[in-house]
Amino acid sequence: MNNYEDAKSAARERFEPSELAVARLSRRAAATLDRPRPSRRPMYAGFAALSVAAAALLFALRPTVTVSALAADTATTMQVSDDVALSYAGRGEVTTDGAHPRVSWELGTLDVEVTPNRGVDLVIETPEATVRVIGTGFTVARDALGSAVDVRHGIVAVRCGDGREGQLTAGQSMTCLPVRAAGMLARAKALAAGGAADADVLVALDAGLRLDASPPVRAELSARRIRTLSALGRDEEAAAAASAWLAGDETIRRAEVEDLAFAVAMRRADCATATRLAKTEAQAATAAACER
Amino acid sequence: MHCLRVTPPLPTPALLDAAGSGDADARQQLFRDWAPVVLRWCKSLGGPKVDAEDAAHDVLVTALTRLPTLREAARFDAWMFGITRRVLTGHRRTAWVRGWIPGFTPDVPDSAEGPNARIERNQTGARVQAILERLPEDHREILVLCDLEERSDEAAAALLGVAVGTAKSRLRRARERFQILAERSGLAADNAPAALGGGR
């Protein structure tokens, strides 16, 4: 790879916005658009001009908002204010103008303690969840599986990116699932790596395929779905899914899907399909024996 | 390579009509597709004093407010790019004015980015950004559109509202200038072709 390719790649990575930033931007723009706007009658034009000038002055002189990065491999404590304490291992950032702390949490575990009845309005955001707090202690953990909220005491309101929402009291927990296909793929991988049941992995893969997905992500989800169906012994569905997959022009994981389709065909004693799919001498011999 | 690697499909007229009429789902769809593009433009084109997320917010709000004035849905991307340019110009001006207000603390330019970006893990990316910020605006635009976003000369010309020949010559000059600055900064001292995209 030459320096220019390195430079292009590095620049793209640098300018690529994070999911969190995009989600935050979309929410903020939507909130601005939903705010009622004053009418524009000409008789108010002078007043409006004065207002704009005053607003511009106030904007220019507004209090500085503090943005602090949170990044630690081991548990670290941060006192945001007299009433808000964070303990975290992972990464995110906290923004505060004094009265309304906002924490954007990207990855890892964040433990929050808020003094009750002190009027603190604290919001924790992850790409999948928004958690609003009045006075409580709880934990937000974000990993490939999604964002999990566990409440120790008090009450928190949780809103997931997929529309689910609820109030959690002490001892309750809730997990917001990824809202993007790539996130669902990561969840399926994490479930499989963690030894979850194939049926649970299949649920995540199917959920990912129902979301908008780029071609490589869709191909990966589909290929893993075929493998999972095969592992569950659902050979009819696996064969149909593999046949549909192989009819497309996707190249990523094609060899793996072909091998899976061959194995499934052999298990179903579909010798003609196995013969057609055989790519190696061993497979051809197995298929020929099946035909005999 | 001539492909729109990072650009979503153009919205349909029906989607634009719905979003312009205040349909929340249509608006979300537009945000989902275009907020990343606009934010990327603001980060790469805004310069060191502009808060990219603030600027992107203003672009999206302006675009959604003015959707009824969009005449051709097929030119939605060029229309968005035009709004982005105007908003960035305004933000640069505001940043300049604020710099003259005694006692005013300028915004941290990276406040819109995650902590990863602030930690400067990628020195090469930071140096490329610094070089881009030293280029004239028209050179920065053409390099971002053609070399980073891999648009064809024709597509970039359409976004910029210039003739294809103008875009080509501007790209050539921008690459030459980038090359000079890159060599001075030691970024590209041992390589030949002329810019980020080099060999098209």
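Colleague: What is the count of helices and strands in chain B?
Modeller: Chain B has nine helices and zero strands. Keep in mind that this is a predicted model.

Colleague: What pattern does chain B follow along the sequence?
Modeller: The pattern reads α-α-α-α-α-α-α-α-α.

Colleague: And what does the secondary structure of chain A come to?
Modeller: Chain A has ten helices and ten strands.

Colleague: Back to chain B. Why are α2(B) and α3(B) called oblique to each other?
Modeller: Start with the angle. Helix α2 (residues 24-45) of chain B and helix α3 (residues 52-65) of chain B pack at about 135°. Angles over 145 degrees count as roughly antiparallel, and 65 to 115 as roughly perpendicular. The angle of about 135° fits neither range, so the two helices are oblique to each other.

Colleague: How far apart are the axes of these two helices?
Modeller: The axes of α2(B) and α3(B) lie 9 Å apart.

Colleague: Is the crossing of α2(B) and α3(B) left-handed or right-handed?
Modeller: The crossing is right-handed.

Colleague: Which residues make the contact?
Modeller: From α2(B), they include L30(B), F31(B), V38(B) and L39(B). From α3(B), they include A52(B), A56(B), V59(B) and L64(B). By class, the contact has twelve nonpolar, no polar and three charged residues. R27(B), K43(B) and E53(B) are among the contact residues. Arg, Lys and Glu count as charged.

Colleague: Now take Q129(B). Where does Q129(B) lie?
Modeller: Q129(B) sits in helix α6 (residues 123-134) of chain B.

Colleague: How do you know whether Q129(B) is buried or exposed?
Modeller: Check its relative accessible area, which is 9%. Buried means under 20%. The value of 9% falls under that cut-off, so Q129(B) is buried.

Colleague: What does Q129(B) touch?
Modeller: Leave out residues up to four places away in sequence. Then Q129(B) touches R14(A), F15(A) and K43(B). K43(B) also takes part in the contact of α2(B) with α3(B).

Colleague: What share of each chain is buried?
Modeller: In chain B, buried residues make up 52% of the 200 residues. In chain A, they make up 40% of the 292 residues.

Colleague: What about contacts between residues at least 6 apart in sequence in chain B?
Modeller: Of those contacts, 67% join residues at least 24 apart. For chain A, residues 24 or more positions apart account for 40% of the contacts with a separation of 6 or more.

Colleague: What surface does each chain expose?
Modeller: Chain B exposes about 9,200 Å², with 54% supplied by carbon and sulfur atoms. For chain A, the accessible surface is about 15,200 Å², and 55% belongs to carbon and sulfur atoms.

Methods. Residues are numbered from 1 along each chain as its sequence is written. Chains are lettered from A and ligands numbered from 1 in the order in which they are written. This is a predicted model: local features need pLDDT of at least 70, side-chain atom pairs count only at pLDDT 80 or more; totals for chains, interfaces and linings use all residues. Side-chain values use heavy atoms; hydrogens and water are left out. Axes are lines fitted to C-alpha atoms, for helices over the stretch in contact, and angles run from 0 to 180 degrees between N-to-C directions. Helices (H or I, at least four residues) and strands (E, at least two) are DSSP runs, numbered from the N terminus. Angles under 35 degrees count as roughly parallel, over 145 as roughly antiparallel, 65 to 115 as roughly perpendicular and the rest as oblique. A crossing is left-handed if the near helix is turned anticlockwise from the far one by less than a right angle, and right-handed if clockwise. Contact means heavy atoms within 4.5 Å. Buried means under 20% relative accessible area, exposed over 50%, partly exposed in between (1.4 Å probe, protein chains only). Accessible areas come from the Shrake-Rupley method with a 1.4 Å probe; for residues, only the protein chains shown count as cover.
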